[in-house]
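Q: Hi! I'm new to this one and would love a friendly walk through it. Could you show it to me?

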Amino acid sequence: MKPAERLAFAERPERRFALAMAAPGVLVLIVTTTLPLLYLIWQSMHNINLAMPGMDRFMGLENYERMWGDERFWAAFGFTLIYTGSTVAMQLVIGLAMALLILRIPRAQWVFRIAAILPIVLAPVVVGLFWRSLMLTPDFGIVDFASRSLGLGSHNWLGDPVLARVSVIVIHTWQWTPFVFLYMLAAIAALPSDLFEAARIDRANAWRRFRYITLPLIRPAIIVVVILRMTVALSAFAAIYAATGGGPGTVTEIINLYAYRVSFAELSLGYGAAVAVVLLALTMLVAALLFRVRREA
Amino acid sequence: MRPGAALNAVRGGVLMLAAATLLTVWAVPVLLAVLTSLKNEKEVLAYPPSLLFEPTLKSFVTVLTGPTNILPNLTSSLIVAIGTTLLTIIIAVPAAYAFARLKLPGKKPAGFYVLATQLVPPIGLIIPYFLILNKIGWMDSYQGLIVVYLTFSLPFAIWLLVSYFEDIPREMEEAALLDRASRWQAFWHVVLPQARGAIAVTVTFVFLNAWNEFLFAVVLGGATVKPVTVAMYNYINTEQTLWAQLSAAALVAMFPVIVLGILAQKHIVSGLSAGAVKGTGRR
């Protein structure tokens, strides 16, 4: 039988077989993810307060109207943008610089690859707790110790509004920069080396080689890693929860944490659902970006 | 020595120094945790922090055998992580094979759908699940938490496996089909053995993500199902933090994922960016 005939012959059973293989996965996802999300949207149009059971009622878009005038929501929204923007930017710049640096070290690159694994595999809640206790506690934490030793004095790193924001941003950056580093390392190592040889013969210096050869070639990898890190930063939770719990007051609340606190501390599940829907929309916007990039790549 | 060589030596030294600094920054919190876990609770509070002290394993003994030991929590984590991993693999492997290799009707939209579900922020699911699990009586139950964990592990595993399945050569599979093997036989006897490595990597990352999960566990778990990530709070309360015990417990809890991460280090980039790019950095 010729391959083309065989294909035509095999096609119909193949389709049926393919459906049987894929259906359980897709069905489970519909039941476990899509249906609860529809329920979330339905919840967001209700007044559901666990402290006042029996008071549930449909209220249309009232929760969303309330959000529009809710200063704490807008503060969380703003900090989400700051948090996502700054952590992703720092991860990219430091991670890329590190990859370029390590590639120039002839020996022992594996030490860095192994060390980079450490932050990545730790549970974010453990990372948050380590930083909160061992690193940042006034008087005992190593960062405070270093600050005092350098004559900069002791600070309430997680209690001061500005320092607390900087701290949670640093913690997230600390945990995920190694991932960007490894990603960039792989992307640069995959580039054809003869290009660099040619540039070296043309006496292009290191900066020009980076600017005009490496950077354009790894652009697709950069775009993907940026979007990937954005989706992760948008749904960050455990590290901030462990380090500051959103405090002092509400200054380190990102939308995620705000929705959590509204729902499970204030027990106002309807309004919390509405806040979560907004975060969902924001994440899907970033995801749409990802789809576009994948199609172009 | 030529001046160029001297310059190179200096440059090399600077590079090494910069690299060493980075290495330290990554390692410090974990090294501090190791040091702290070996101190007694009084030594922990010494200022300046002491580097030379008499190490004791007392904290480890306490977190493993004391009244607030984490053994039940390790068991909880193990049950949830293994249950999640098993279910995920059973469902994801056939689905990924269909997406990667077969003429699946509606492949493109279905693939996008799976990728989109992977990006859903957990907070969007936890609010509905809180009410749903309450209604069906699955709060603080293993089956409840495992079902919820499928929401992030399943799309992740499908996409990771798709990228691996696409790389498996088709020749043997086609030869088997020509030999009148059924589709299922070709999948089971020819493709699966070739995908063993890919499945091992997927198992590693699904387990790791389930083990490290915190938000779902803290809201939907309870006294019965209390994974180690939640149990860390046993050592922290409003009056005091038991630093040495917290450090010891965290190290015990993180030991399995650190080992898994190092074992799977070659795959960590592709493993954590499943679906974002077709076949990234699999070297």
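A: Sure! One definition before we start: helix axes here are lines fitted to C-alpha atoms over the stretch in contact, and angles run from 0 to 180 degrees between N-to-C directions. Also keep in mind that this is a predicted model.

Q: Okay, so at what angle do helix H5 and helix H7 of chain B pack?

A: Helix H5 of chain B (residues 107–118) and helix H7 of chain B (residues 142–165) pack at about 130°, and their axes are 8 Å apart. Angles under 35 degrees count as roughly parallel, over 145 as roughly antiparallel and 65 to 115 as roughly perpendicular, with the rest oblique. H5(B) and H7(B) are therefore oblique to each other.

Q: And which hand does the crossing of H5(B) and H7(B) have, left or right?

A: H5(B) passes H7(B) in a left-handed crossing. On the H5(B) side, the contact is made by Val114(B), Leu115(B), Thr117(B) and Gln118(B). H7(B) brings Pro155(B), Phe156(B), Ile158(B) and Trp159(B) to the contact.

Q: What classes of residue are in that contact of H5(B) with H7(B)?

A: Six are nonpolar and two are polar, with no charged residues.

Q: Zooming out, how many helices and strands does chain B have?

A: Chain B has 14 helices and zero strands.

Q: Is chain B spread out or compact?

A: Spread out: its radius of gyration is 24 Å, well over the 19 Å that the globule rule gives for 283 residues, so chain B is more spread out than a compact globule. Taken along the principal axes, the C-alpha atoms of chain B fill a box of roughly 75 × 75 × 30 Å.

Q: New topic! How many residues does each chain give to the contact between chain A and chain B?

A: Chain B gives 80 residues and chain A gives 81 residues. On the chain B side, the largest share comes from helix H1 of chain B (residues 3–37), with 14 residues. By class, that side of chain B has 65 nonpolar, twelve polar and three charged residues.

Q: Nice. What about chain A, which domains does the assignment give?

A: The domain assignment gives domain 1 (3–44) and domain 2 (71–296) of chain A. The C-alpha centres of these two domains of chain A lie 35 Å apart.

Q: How many residues does each domain of chain A put into their contact?

A: Domain 1 of chain A puts in four residues, and domain 2 of chain A puts in six. The domain 1 side of chain A has two nonpolar, two polar and no charged residues.

Technical notes:
Residues are numbered from 1 along each chain as its sequence is written. Chains are lettered from A and ligands numbered from 1 in the order in which they are written. This is a predicted model: local features need pLDDT of at least 70, side-chain atom pairs count only at pLDDT 80 or more; totals for chains, interfaces and linings use all residues. Two residues are in contact if their C-beta atoms, placed from the backbone, lie within 7 Å. Helices (H or I, at least four residues) and strands (E, at least two) are DSSP runs, numbered from the N terminus. Ala, Val, Leu, Ile, Met, Phe, Trp, Tyr, Cys and Pro count as nonpolar, Asp, Glu, Lys and Arg as charged, and the others, Gly among them, as polar. Domain bounds come from an automatic or database domain assignment. A crossing is left-handed if the near helix is turned anticlockwise from the far one by less than a right angle, and right-handed if clockwise. The radius of gyration is taken over C-alpha atoms; the globule rule is 2.2 Å times the number of residues to the power 0.38.
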